[in-house]
Amino acid sequence: MALLPILTAPDKRLKLKADPVDEVSADIVKLMDDMVETMYAAPGIGLAAPQVNVLKRVIVIDVETYDGGDSHNLLTLANPEIIEQEGEIVWAEGCLSVPNFTEDVIRAERVVVHALNQDGDKVEIAAEGLLAVCMQHEIDHLDGQLFIDHVSRLKRAIILQKLKKRKKSE
Ligand code: NI
């Protein structure tokens with residue numbers, strides 16, 4: 001396994017749409033493993049392949065680490081697709097590609113997602129609350145969207161300006 005560098009905004013590569021995975025090949029399994037290691041090391045509760053500069057529809061999620069608890073509930077998914085959604089929830093979201101910022105985002109409270117797991121099997125996942133939020137956030141990354149694309153233009157401009165400034169001073 002290997003730790004992968006995480007792209008941070010503003011970066012044009014984070015705006016690109018990722019390609020579907022044809023099959024969960026050995027390369028994809030390795031990508032998933034590396035993403036899991038990178039997510040836990042960050043630490044984060046979710047990571048999408050475009051964030052590590054791979055334009056494939058692959059995400060990894062473990063919201064159980066949210067409280068710093070030991071009970072892991074790891075999801076490694078290819079081609080995730082929201083097939084049902086309902087309700088509304090507001091969550092203060094953050095992102096490893098938008099470090100040190102959080103903003104309230106409105107999402108569906110419950111989603112049903114179809115995907116392939118790391119064994120290449122079709123799975124259906126019913127998620128609510130934080131897991132539903134995280135699913136939507138990571139799937140957004142596959143379509144070149146960041147959580148700051150869901151906040152006001154003014155807030156987004158301020159955050160991007162600060163991130164740009166921080167990058168220059170690094
Ligand atoms: Ni993110």
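Here are a few worked exercises on this structure, which is a predicted model.

**Exercise 1. The nickel site**

Work out which protein atoms hold the nickel ion, and how their residues are spread along the chain.

*Solution.* Start at the metal and list its protein donors: SG of Cys95, NE2 of His137 and NE2 of His141, at 2.1 to 2.3 Å from the nickel ion. Next, put them in chain order, and the spacing reads C-x41-H-x3-H. Now take Cys95 and His137, which sit 42 residues apart and tie together distant parts of the chain. Cys95 comes from the loop between S4 and strand S5 (103–107), while His137 comes from helix H2. Last, check the surface: Cys95 and His137 are both buried. For the x3 end of the motif, a bit of helix geometry helps: an α-helix has 3.6 residues a turn, so residues three or four places apart point the same way.

**Exercise 2. The largest pocket**

Describe the largest pocket: how much space lies in it, and which residues are closest to its centre?

*Solution.* Begin with the volume, which comes to about 480 Å³. Then go to the lining, made up of 24 residues, with Gly44, Ile45, Gly94, Cys95 and Leu96 closest to the centre. Cys95 should ring a bell, being one of the nickel donors.

Now sort the lining by class: 14 residues are nonpolar, eight are polar and two are charged. Finally, ask which elements contribute. Strand S4 (89–93) and helix H2 (130–142) give at least two residues each, and H2 gives the most, with five.

**Exercise 3. Checking helix H2**

Test whether the length of H2 agrees with its number of residues, then look at how covered the helix is.

*Solution.* H2 has 13 residues, and the expected span is 1.5 Å times one less than that number, so at 1.5 Å a residue the helix should span 18 Å. Compare that with the C-alpha atoms at its ends: they are 19 Å apart, which agrees. On to burial: 13 of the 13 residues in H2 are buried, so the helix is mostly covered. Then step past the end of the helix, where Gly144 follows with a positive phi near 75°.

For a single residue, pick Leu131, which lies in H2. Its relative accessible area is 16%; the cut-off for buried is under 20%, so Leu131 is buried. Its contacts beyond four places in sequence are Ile61, Val63 and Leu75. As a distance check, the C-alpha atoms of Leu131 and Arg110 are 8.8 Å apart, with their positions 21 residues apart in sequence.

**Exercise 4. Two more residues to place**

Find where Val52 and Ile125 lie, decide whether each is buried or exposed, and list their contacts.

*Solution.* Take Val52 to begin with. It belongs to the loop between strand S1 (46–48) and strand S2 (58–61). With a relative accessible area of 8%, Val52 is buried. Beyond its sequence neighbours within four places, Val52 is in contact with Leu4, Pro5, Ile6, Met35 and Leu47.

Now Ile125, found in strand S7 (residues 122–128). Its relative accessible area is 13%, so Ile125 is buried too. Leaving out neighbours within four places in sequence, its contacts are Leu75, Leu77, Val111, Val112, Val113 and Met135. Notice that Leu75 turns up here and also among the contacts of Leu131.

**Exercise 5. Backbone oddities**

Go along the backbone and pick out cis peptide bonds, then residues other than glycine with positive phi.

*Solution.* For the cis bonds, look at omega. One joins Ala9 and Pro10, with omega about -5°, and Pro10 lies in the segment before helix H1 (26–41). Another joins Ala42 and Pro43, with omega about -10°; Pro43 is in the loop between H1 and S1.

For positive phi, Asn79 has a value near 50° and lies in strand S3 (residues 75–86). Asn100 has phi near 70° and sits in the loop between S4 and S5. To finish, check the surface at Asn100: the cut-off for exposed is over 50%, and with a relative accessible area of 71% Asn100 is exposed.

Methods
Residues are numbered from 1 along each chain as its sequence is written. This is a predicted model: local features need pLDDT of at least 70, side-chain atom pairs count only at pLDDT 80 or more; totals for chains, interfaces and linings use all residues. Side-chain values use heavy atoms; hydrogens and water are left out. On a 1 Å grid over the protein atoms alone, a cavity is a set of points where a 1.4 Å probe fits but cannot get out, and a pocket is an open set with protein on both sides within 12 Å along at least five of seven lines; lining residues have an atom within 4 Å of a point. Grid points are joined across faces, edges and corners, and a volume is the space filled by probe spheres set on the points. Helices (H or I, at least four residues) and strands (E, at least two) are DSSP runs, numbered from the N terminus. Ala, Val, Leu, Ile, Met, Phe, Trp, Tyr, Cys and Pro count as nonpolar, Asp, Glu, Lys and Arg as charged, and the others, Gly among them, as polar. Donors are N, O and S atoms within 2.8 Å of the metal (3.2 Å for Na, K and Ca); water is not among the atoms, so sites may look incomplete. Buried means under 20% relative accessible area, exposed over 50%, partly exposed in between (1.4 Å probe, protein chains only). Contact means heavy atoms within 4.5 Å.
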